[in-house]
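Work through the exercises below with the coordinates open. Try each task before reading its solution.

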Amino acid sequence: MYEYFHVKVSAKVGFSAITLDPEHRNIIDRAAEEGWRYVGFLPVTQTANGAILEYDLIFEQEKK
């Protein structure tokens, strides 16, 4: 059996591009140090043309 936790991360909207906050790498590294495994992401907020503005990083670990 596994347990999960989610971390919401926002993208930065600029004039000509949407960029991800580089903090997502630090979040993944810190979670891994605590024994969590990154399993994917889900879009939370999107624009009408499909650009992701917010997403959840998903982590899992076996229940103790």
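Buried means under 20% relative accessible area, exposed means over 50%, and partly exposed lies in between. The model used here is predicted.

**Exercise 1. Classify Tyr55 and Phe41, then describe their pairing.**

Step 1. Take Tyr55. Its relative accessibility is 5%, so Tyr55 counts as buried.

Step 2. Take Phe41. Its relative accessibility is 44%, so Phe41 counts as partly exposed.

Step 3. Check the ring geometry. Phe41 and Tyr55 form an aromatic pair with 5.9 Å centre to centre and 75 degrees between the planes. Planes over 60 degrees apart count as edge-to-face, and the pair of Phe41 and Tyr55 is edge-to-face.

Step 4. Place the rings. Phe41 lies in strand β3 and Tyr55 in strand β4, so the pair ties together parts that are 14 residues apart in sequence.

Step 5. List the surroundings of Tyr55. Leave aside neighbours within four places in sequence; the contacts of Tyr55 are then Val7, Lys8, Val9, Leu20, His24, Phe41, Leu42, Pro43 and Val44.

**Exercise 2. Find the largest nonpolar core and say which element gives the most to it.**

Step 1. Collect the members. The largest nonpolar core has 7 residues: Val9, Ile27, Ala31, Trp36, Tyr55, Leu57 and Phe59.

Step 2. Assign them to elements. At least two residues of this core come from each of α1 (23-33) and β4 (52-62).

Step 3. Rank the elements. β4 gives the most, with 3 residues.

**Exercise 3. Lay out the sheet and position the helix on it.**

Step 1. Write the strand order. The sheet is open, has 4 strands and runs β2-β1-β4-β3, with antiparallel pairing.

Step 2. Mark the edges. β2 (18-20) and β3 (37-46) are the edge strands, as each pairs on one side only.

Step 3. Add the twist. On average, neighbouring strands are turned by 30 degrees against each other, direction ignored.

Step 4. Add the helix. α1 packs on the sheet and touches β1 (2-13), β2, β3 and β4. The direction of α1 makes about 10 degrees with that of β4.

Step 5. Look at one strand pair. β3 and β4 run antiparallel and are joined by 8 bridges. Thr45, for instance, has Glu54 in β4 as its bridge partner.

**Exercise 4. Is Glu60 buried or exposed, and which side chains make polar contacts with its side chain?**

Step 1. Locate the residue. Glu60 is in strand β4.

Step 2. Apply the cut-off. Glu60 has a relative accessible area of 8%, so it is buried.

Step 3. Find the polar partners. The side chain of Glu60 makes a polar contact of 2.6 Å with the side chain of Arg37. A polar contact of 2.9 Å joins the side chains of Glu60 and Tyr4.

Step 4. Widen the search to contacts of any kind. Beyond four places in sequence, Glu60 is in contact with Tyr2, Glu3, Tyr4, Gly35, Trp36, Arg37 and Val39.

**Exercise 5. Characterise the ring pair of Phe5 and Trp36.**

Step 1. Count the pairs. The structure holds 4 aromatic pairs.

Step 2. Read the geometry. The ring centres of Phe5 and Trp36 are 4.7 Å apart and the planes lie at 80 degrees, so this pair is edge-to-face.

Step 3. Place the partners. Phe5 sits in strand β1 and Trp36 in the loop between α1 and β3; the pair links distant parts of the chain, 31 residues apart.

Step 4. Compare accessibility. Phe5, at 25%, is partly exposed, whereas Trp36, at 15%, counts as buried.

Step 5. Extend to the cluster. Phe5, Trp36, Tyr38 and Phe59 form one aromatic cluster.

Notes. Residues numbered from 1 in each chain as written. Predicted model: local features only at pLDDT ≥ 70, side-chain atom pairs only at ≥ 80, totals over all residues. Heavy atoms only, no water. Core = buried A, V, L, I, M, F, W, Y, C linked by side-chain atoms within 4.5 Å. Buried < 20%, exposed > 50% of the residue type's maximum accessible area, 1.4 Å probe, protein only. Contact = heavy atoms within 4.5 Å. Pairing = 2+ DSSP bridges. Axes fitted to C-alpha atoms, helices over the stretch in contact; angles between N-to-C directions. Polar contact = N/O pair within 3.5 Å; in protein donor to acceptor, adjacent residues only side chain to side chain. Phe/Tyr/Trp six-rings, centres within 6.5 Å; stacked < 30°, edge-to-face > 60°.
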